[in-house]
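Visitor: I would like to learn how to read the packing of helices in a model such as this one. Could we begin with a single contact and work outwards from there?

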Amino acid sequence: MRDPDKMLMRQGWSPEFLAAANIETVQTEYEVLHLMRQCANHFSFSHFLVTRFPANAQQRFAERLMVSNWPADLVRKYDAMNLFHISRLALDTGATKLPVQGDSSLLAPADWENTQAGEAIALAESHGLSTSTAFLLHSTTSDPYLMVFSGIRTPLSHPELTELHFAALQLFECLEKTFTAATAGREKLSSREVECLRWAAAGKSSDEIAVILGISVYTVSSYFKSVTRKLKAVNRMQAIAIAMRLRLI
């Protein structure tokens, strides 16, 4: 007996919202954002995000976000908890190649004795993140990313999960293409600018970076102004996020 899921994969089948769009022509993150919003609506989810996988506590949650429709207040509050790297979401997806489904506790620490567990669950539920479906995806250079869809709905059935998983792969393929396009359009960073970004991503202040690199604080600030302009960022945090996204640091 033929496996219908495998047959769909071989036939290049796509959900209706992807079939209607010419995904080969997608070039910008805005276009990917639009497709992800359609995907979320198709499966009755209200929230979605794509983020670099959290390997440690050094990079903040907000700095890892690539594409997201999370409200700024939700991002800020969850970022302040510094729980992403020890959350069930990160640990569960990191332990399997299969999709992970769960309730609001996915955003909480895997260690239930952590005093912030209840706070994280309450935050998720207050923003309508009662259930989530997550996928661990890898770029062509083997960098790990997470794609997460959340909302108020029952867990996905097997056919729905299969459909969403394949859609996630196609969406991530589109997103990765925008990395290359964006890299080509950016001015090249100098070695000193890259060094400043790397130390800033590690949590160092301008004063500390100046000591480490043996230069003045004024010079460090000048490098960051230049980096922000070249990466078309609005501030240092966004410049770090863009540099990570483009694999410059």
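Guide: Let us begin with the residues that touch, bearing in mind that this is a predicted model. In helix α9, Leu-197, Ala-200 and Ala-201 meet Arg-236, Ala-239, Ile-240 and Ala-243 of α12. Sorted by class, this contact has 6 nonpolar residues and 1 charged residue, with no polar ones.

Visitor: At what angle do α9 and α12 pack, and how far apart are their axes?

Guide: The angle between α9 and α12, the latter spanning residues 236-245, is about 105°, and their axes are 10 Å apart. Angles of 65 to 115 degrees count as roughly perpendicular, and α9 is therefore roughly perpendicular to α12.

Visitor: Which residues of α9 meet α10?

Guide: On the α9 side they are Arg-192, Glu-195, Cys-196, Trp-199 and Ala-200, and their partners in α10 are Ile-209, Ile-212 and Leu-213. The contact of α9 with α10 divides into 6 nonpolar and 2 charged residues, again with no polar ones. Ala-200 appears here in the contact with α10, and it is also among the α9 residues that meet α12.

Visitor: How should the geometry of α9 and α10 be described?

Guide: Helix α9, residues 191-201, and helix α10, residues 206-213, pack at an angle of about 130°, with their axes 10 Å apart. That value lies outside the ranges for roughly parallel, antiparallel or perpendicular, and the two helices are therefore oblique to each other. As for handedness, the crossing of α9 and α10 is right-handed.

Visitor: Turning from helices to a single residue, is Ser-150 buried or exposed?

Guide: The relative accessibility of Ser-150 is 2%, and because buried means under 20%, Ser-150 counts as buried. The residue lies in strand β5, which covers residues 144-151. Leaving aside residues up to four places away in sequence, Ser-150 touches Phe-45, Ser-46, His-47, Leu-129, Thr-131 and Ser-132.

Visitor: What does the chain look like as a whole?

Guide: Its secondary structure comes to 12 helices and 5 strands, and 45% of its 249 residues count as buried. Among contacts with a separation of 6 or more, 59% are between residues 24 or more positions apart.

Visitor: Where does pLDDT stay under 50?

Guide: It does so over residues 1-12, for which the model has 5 contacts beyond four places in sequence. Where pLDDT is low, the predicted coordinates should not be read in detail. For the chain, the average pLDDT is 85, and 87% of the residues score at least 70.

How values were computed. Residues numbered from 1 in each chain as written. Predicted model: local features only at pLDDT ≥ 70, side-chain atom pairs only at ≥ 80, totals over all residues. Heavy atoms only, no water. Axes fitted to C-alpha atoms, helices over the stretch in contact; angles between N-to-C directions. Helix = DSSP H or I, 4+ residues; strand = E, 2+ residues; numbered from the N terminus. Parallel < 35°, antiparallel > 145°, perpendicular 65-115°, else oblique. Left-handed = near helix turned anticlockwise from the far one by under 90°. Contact = heavy atoms within 4.5 Å. Nonpolar A, V, L, I, M, F, W, Y, C, P; charged D, E, K, R; others polar. pLDDT = per-residue confidence, 0-100. Buried < 20%, exposed > 50% of the residue type's maximum accessible area, 1.4 Å probe, protein only.
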